[in-house]
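Here's a quick walk through the model you have open, with an eye on its charges, its core and a few odd spots. Grab your viewer and follow along.

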Amino acid sequence: MKKLFLVTFAVLGFVFVSNAQDISKHALGLRLGDSDGFGAEISYQHALGTANRLEADLGWRSGNNWDGFKLTGLYQWVFPLQNRFNWYVGAGGGLGSYSWDDDVPGHDGDNDTFVFIAGDLGIEYSFDIPLMLSLDFRPELGFGDYHDDLDFDIALGIRYQF
């Protein structure tokens with residue numbers, strides 16, 4: 001049984017690698033979504049090979065009574081679906097910080113710095129022009145005083161590929 005599992009795993013791995021299409025070396029753009037209150041993020045992707053890449057996202061936001069930033073780093077595996085469609089899965093983490101004004105009830109000038117671990121699952125389409133659209137789902141588990149729970153982030157990505 002153990003040998004059957006290993007052979008099946010090896011064959012599936014070979015199929016994914018042999019069907020891999022090249023991904024863009026660099027992509028820069030915006031990731032627009034919930035992002036745990038951060039809205040838009042600047043997003044950069046750097047290919048590490050034909051089927052994997054690193055993604056870094058920086059989100060910042062100012063509200064009426066608070067300011068914050070969040071930096072995310074992910075390692076992603078990219079698999080072709082059809083033509084220019086790919087799906088991807090990834091894992092990573094990041095850090096962030098919130099700062100509230102003195103007049104916010106319950107916070108009284110509090111600050112919170114937190115770390116989090118994240119997963120990533122998405123689909124993307126690369127156009128004939130150097131434009132890529134993506135839709136992804138990113139669960140994040142935070143560790144901090146304020147950000148200490150599981151959040152679900154769904155976002156649309158618009159990136160220029162070069």
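L58 sits in strand β3. In this predicted model, L58 counts as partly exposed, because its relative accessibility is 35%, and partly exposed covers the range between buried (under 20%) and exposed (over 50%). Look across from there to L30: the two residues are 28 apart along the chain, and their C-alpha atoms are separated by 9.5 Å.

Zooming out, the chain has one helix and eight strands. Going along the sequence, the order is α-β-β-β-β-β-β-β-β, with the helix leading and the strands following. The chain runs to 162 residues, and 35% of them count as buried.

**Salt bridges**

How many salt bridges does the structure hold? The count is ten. Three of them are set out below.

| Pair | N to O distance | Burial |
|---|---|---|
| R31 and E41 | 3.4 Å | both buried |
| E124 and R53 | 2.8 Å | both buried |
| R138 and D57 | 2.9 Å | both buried |

Let's take them one by one. The side chains of R31 and E41 meet at 3.4 Å, N to O. R31 belongs to strand β1 and E41 to strand β2, so this bridge ties together parts that are ten residues apart in sequence.

Next comes the bridge between E124 and R53, with 2.8 Å between the closest N and O atoms. Here E124 is in strand β6 and R53 in strand β3 (residues 52-62), so the parts being tied together are 71 residues apart in sequence. E124 is buried, as is R53.

Then there's R138 with D57, whose side chains meet in a salt bridge at 2.9 Å, N to O. R138 is part of strand β7 and D57 of strand β3, so the pair links parts that are 81 residues apart in sequence. Both R138 and D57 are buried.

Some of these residues turn up again in a wider arrangement. R31, E41, E55, D57, D136, R138, D153 and R159 are linked in a network of salt bridges.

**The nonpolar core**

Which residues make up the largest nonpolar core? It's a set of six: L74, Y98, W100, F114, F116 and A118. Strands β5 (85-100) and β6 (111-126) are the elements that give two or more residues to this core. The largest share comes from β6, with three residues.

Strand β6 also holds N111. N111 counts as exposed, because its relative accessibility is 56% and the cut-off for exposed is over 50%. The C-alpha atoms of N111 and G68 are separated by 9.4 Å, with their positions 43 residues apart along the chain.

**Loops worth a click**

Now for the loops. N83 is in the one between β4 (66-82) and β5. What's odd about its backbone is the phi: about 45 degrees, so positive, although N83 is not a glycine. For context, most residues other than glycine have a negative phi. Is N83 buried or exposed? N83 is exposed, since its relative accessible area is 65%.

G39 is in another loop, the one between β1 (26-33) and β2 (40-47). With a relative accessible area of 15%, G39 counts as buried, because the limit for buried is under 20%. G39 and A155 are 116 residues apart in sequence, yet their C-alpha atoms are 9.0 Å apart in space.

**A charged patch on the surface**

Finally, take a look at the acidic side chains on the outside. D110, D145, D148 and D149 form a negative surface patch. One of them, D149, lies in the loop between β7 (131-143) and β8 (150-161). D149 is partly exposed, with a relative accessible area of 36%. That value qualifies D149 for the patch on accessibility, because patch residues need over 30% relative accessible area.

Key
Residues numbered from 1 in each chain as written. Predicted model: local features only at pLDDT ≥ 70, side-chain atom pairs only at ≥ 80, totals over all residues. Heavy atoms only, no water. Patch = residues over 30% accessible without salt bridge, like charges linked within 9 Å, V, L, I, M, F, W, Y side chains within 5 Å. Areas by Shrake-Rupley, 256 points an atom, 1.4 Å probe, with all protein chains shown as cover. Salt bridge = Lys/Arg side-chain N within 4 Å of Asp/Glu carboxyl O. Lys, Arg positive; Asp, Glu negative; His and termini not counted. Charge placed at Lys NZ, Arg CZ, Asp CG, Glu CD. Helix = DSSP H or I, 4+ residues; strand = E, 2+ residues; numbered from the N terminus. Buried < 20%, exposed > 50% of the residue type's maximum accessible area, 1.4 Å probe, protein only. Core = buried A, V, L, I, M, F, W, Y, C linked by side-chain atoms within 4.5 Å.
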